[in-house]
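Let's take a walk through a protein together. Keep the picture beside you and turn it as you read.

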Amino acid sequence: MNNGTSTAVLVTDLFRGDGPFTGIADDFVAMVCGFCGQVFDADGRFTIDRFVCSTCASVLSVVSK
Ligand SMILES: [Zn+2]
């Protein structure tokens, strides 16, 4: 799944049907934030383990620093 040099998520990993990526793919398709649960229509961000709206992405990036 990972060559050890990149944190990019491959589409094949997203839709492989196992692991945490299934939930991320579902959130991506539905455009639902994986953190606040709101539906949004633009500017989603992938984090290491979820797909979130831009507001939560900002919050999470601040929290993780
Ligand atoms: Zn959110």
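We will go from the overall layout to the metal site, then to the core, and then to a few single residues.

A word on the ground rules comes before the tour. This is a predicted model, in which local features need pLDDT of at least 70 and side-chain atom pairs count only at pLDDT 80 or more, while totals for chains, interfaces and linings use all residues. Residues are numbered from 1 along each chain as its sequence is written, and side-chain values use heavy atoms, with hydrogens and water left out.

How much confidence does the predictor have in this model? The score to look at is pLDDT, the predictor's confidence in each residue, from 0 to 100. The protein averages a pLDDT of 77, and 63% of the residues score at least 70. Among the elements, strand β2 has the highest mean pLDDT, 91, and helix α1 (residues 11-14) has the lowest, 64. Where pLDDT is low, the predicted coordinates should not be read in detail.

Now trace the chain from its start. You will find 3 helices and 2 strands, in the order α-α-β-β-α along the sequence. Here helices (H or I, at least four residues) and strands (E, at least two) are DSSP runs, numbered from the N terminus. Of the 65 residues in the protein, 20% are buried. Buried means under 20% relative accessible area, exposed means over 50%, and partly exposed lies in between (1.4 Å probe, protein chains only). The accessible surface comes to about 4500 Å², and carbon and sulfur atoms account for 59% of that surface; such areas come from the Shrake-Rupley method with a 1.4 Å probe, and for residues only the protein chains shown count as cover.

Next, look for the zinc ion. Which residues hold on to the zinc ion as donors? They are Cys33, Cys36, Cys53 and Cys56, each through its SG atom, at 2.2 to 2.3 Å from the ion. Donors are N, O and S atoms within 2.8 Å of the metal (3.2 Å for Na, K and Ca); water is not among the atoms, so sites may look incomplete. Along the sequence, the donor residues are spaced C-x2-C-x16-C-x2-C. The arrangement is tetrahedral because the 4 donor atoms around the zinc ion subtend angles of 102 to 119°, and four donors count as tetrahedral if all angles lie between 85 and 135 degrees.

Are Cys33 and Cys36 buried or exposed? Cys33 is buried, with a relative accessible area of 3%, whereas Cys36 counts as partly exposed at 38%. Another donor, Cys53, touches Cys33, Cys36, Phe40 and Asp43, leaving out residues up to four places away in sequence. Contact means heavy atoms within 4.5 Å.

From the metal we can move to the core. The largest nonpolar core has 10 residues, including Cys33, Cys53 and Cys56 as well as Phe21, Phe40 and Phe51. A nonpolar core is a set of buried Ala, Val, Leu, Ile, Met, Phe, Trp, Tyr and Cys residues joined through side-chain atoms within 4.5 Å. Helix α2 (21-30), strand β2 (51-52) and helix α3 (54-63) each supply at least two residues of this core. Helix α3 gives the most, with 3 residues.

Let's finish with some individual residues. Asp27 sits in helix α2 and is partly exposed, with a relative accessible area of 21%. Setting aside neighbours within four places in sequence, Asp27 is in contact with Val32, Gly34 and Phe51. In the loop between α2 and β1 (45-46) you will meet Met31, which has a positive phi of about 55° although it is not a glycine. Asp43 lies in the loop between α2 and β1 too, and its phi is near 65°, again positive in a residue other than glycine.

Where does Ser54 lie? Ser54 belongs to helix α3 and touches Asp43 and Arg45, not counting residues up to four places away in sequence. Ser54 and Asp43 are 11 residues apart in sequence, and their C-alpha atoms are 5.9 Å apart in space. Ser58 is also in helix α3, and its C-alpha atom is separated by 9.5 Å from that of Arg45, 13 residues away along the chain.

How values were computed:
Four donors count as tetrahedral if all angles lie between 85 and 135 degrees; four count as square planar and six as octahedral if opposite donors are over 155 degrees apart and all others between 65 and 115; anything else is irregular.
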